[in-house]
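Got a minute for a quick tour of a protein interior? Have the model open while you read.

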Amino acid sequence: MADTLEKIVALVDGSEYSHSVCDHAAWVASKIGGHVVVAHILGRREAKADRSGNIGLGARTKLMEDLAALDEERAKLNQVRGRAILEDAEARIAAAGVSVSTVLRQGDLLAELATLAADAELVVIGKRGEAADFAKLHLGSNVERVVRSCEKPILVTSRAFKPVESFALAFDGGASSLKAADHVANAKLFQGLPGQVVTVGPQTAEAKQKLDGAAALLSGAGLEVTASFVDGQPETAIAGLVGDDGADMLVMGAYGHSRVRSLIIGSTTTEMVRSAHVPLLLFR
């Protein structure tokens, strides 16, 4: 991989979202001149409970030996499946003319991702759909954990890739949305894309000053953007910015409030990840 290529980490798990992750990662790489590292992370094998009951010692020993052999065989199959998933992903991304390599890891998802993403520009992850089966839960169920823990921007993909021709930045003036605005202004990814910067809530003098500042930052970077206020609840108002009649990508800060407060009253970030039908680029 050339030193000049930006590193993009794409997490795949073999679900139908894996193709979307590959397509979005390839699109990002083609826009910014990047190299995609496709990663499949096998979770730690869970300890098996002793269900041998009151059977004799010899029989119990034989049973445990059989269970250990089954565990070993299952681990081998998971390795084979993981390599197959990565080969498929590598071929799909390479077909788009993008530099790509693969990594198969075993361990805690967040710990392994922290290592992989340390020198990355972006992490791409799929989300679980409403009708997903258990196989799709492995990665999708961890989206919130990944977004909360990873210091890098996270691109959460929609179910299928669609060319991104515009973006919306949900801006509340907080630290994470300021980080998002700065990234948009300086990233090659958004060059040539029209955008809108939107604040949900009343148009106070302070809020207008912050919104105008964000819009000026993007305009100064050569982006064509509009700025506006919208009324309503954040989840509903933000959802109205994207989709069939709106922007093709939503950019926003993630989890601006404390985790405890989010658990009590819910989180705009979690709701948008769950309900939005466009890719979301999230910043902590």
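Here is a short rundown of the cores, one aromatic pair and one serine.

This is a predicted model, where local features need pLDDT of at least 70, side-chain atom pairs count only at pLDDT 80 or more, and totals for chains, interfaces and linings use all residues. Residues are numbered from 1 along each chain as its sequence is written, and side-chain values use heavy atoms, with hydrogens and water left out.

**Nonpolar cores**
- The largest nonpolar core (buried Ala, Val, Leu, Ile, Met, Phe, Trp, Tyr and Cys residues joined through side-chain atoms within 4.5 Å) has 44 residues.
- Helix H1 (residues 17-32) chips in the most, with eight residues; helices here are DSSP runs of H or I, at least four residues, and strands are E runs of at least two, numbered from the N terminus.
- Val36, Phe167, Phe190, Leu218, Met249 and Val251 have the most contacts inside this largest core.
- Setting aside neighbours within four places in sequence, Val251 is in contact (heavy atoms within 4.5 Å) with residues including Ala168, Val184, Phe190 and Phe283.

**The aromatic pair**
- The structure holds one aromatic pair (ring centres within 6.5 Å, using the six-membered ring for Trp; planes under 30 degrees apart are stacked, over 60 edge-to-face, the rest tilted).
- Phe167 and Phe190 form it edge-to-face, at 5.0 Å centre to centre and 70° between the planes.
- Both Phe167 and Phe190 are buried (under 20% relative accessible area, with exposed over 50% and partly exposed in between, 1.4 Å probe, protein chains only).

**Ser166**
- Ser166 sits in the loop between strand E5 (154-157) and strand E6 (167-170).
- Ser166 counts as buried because its relative accessible area is 16%.
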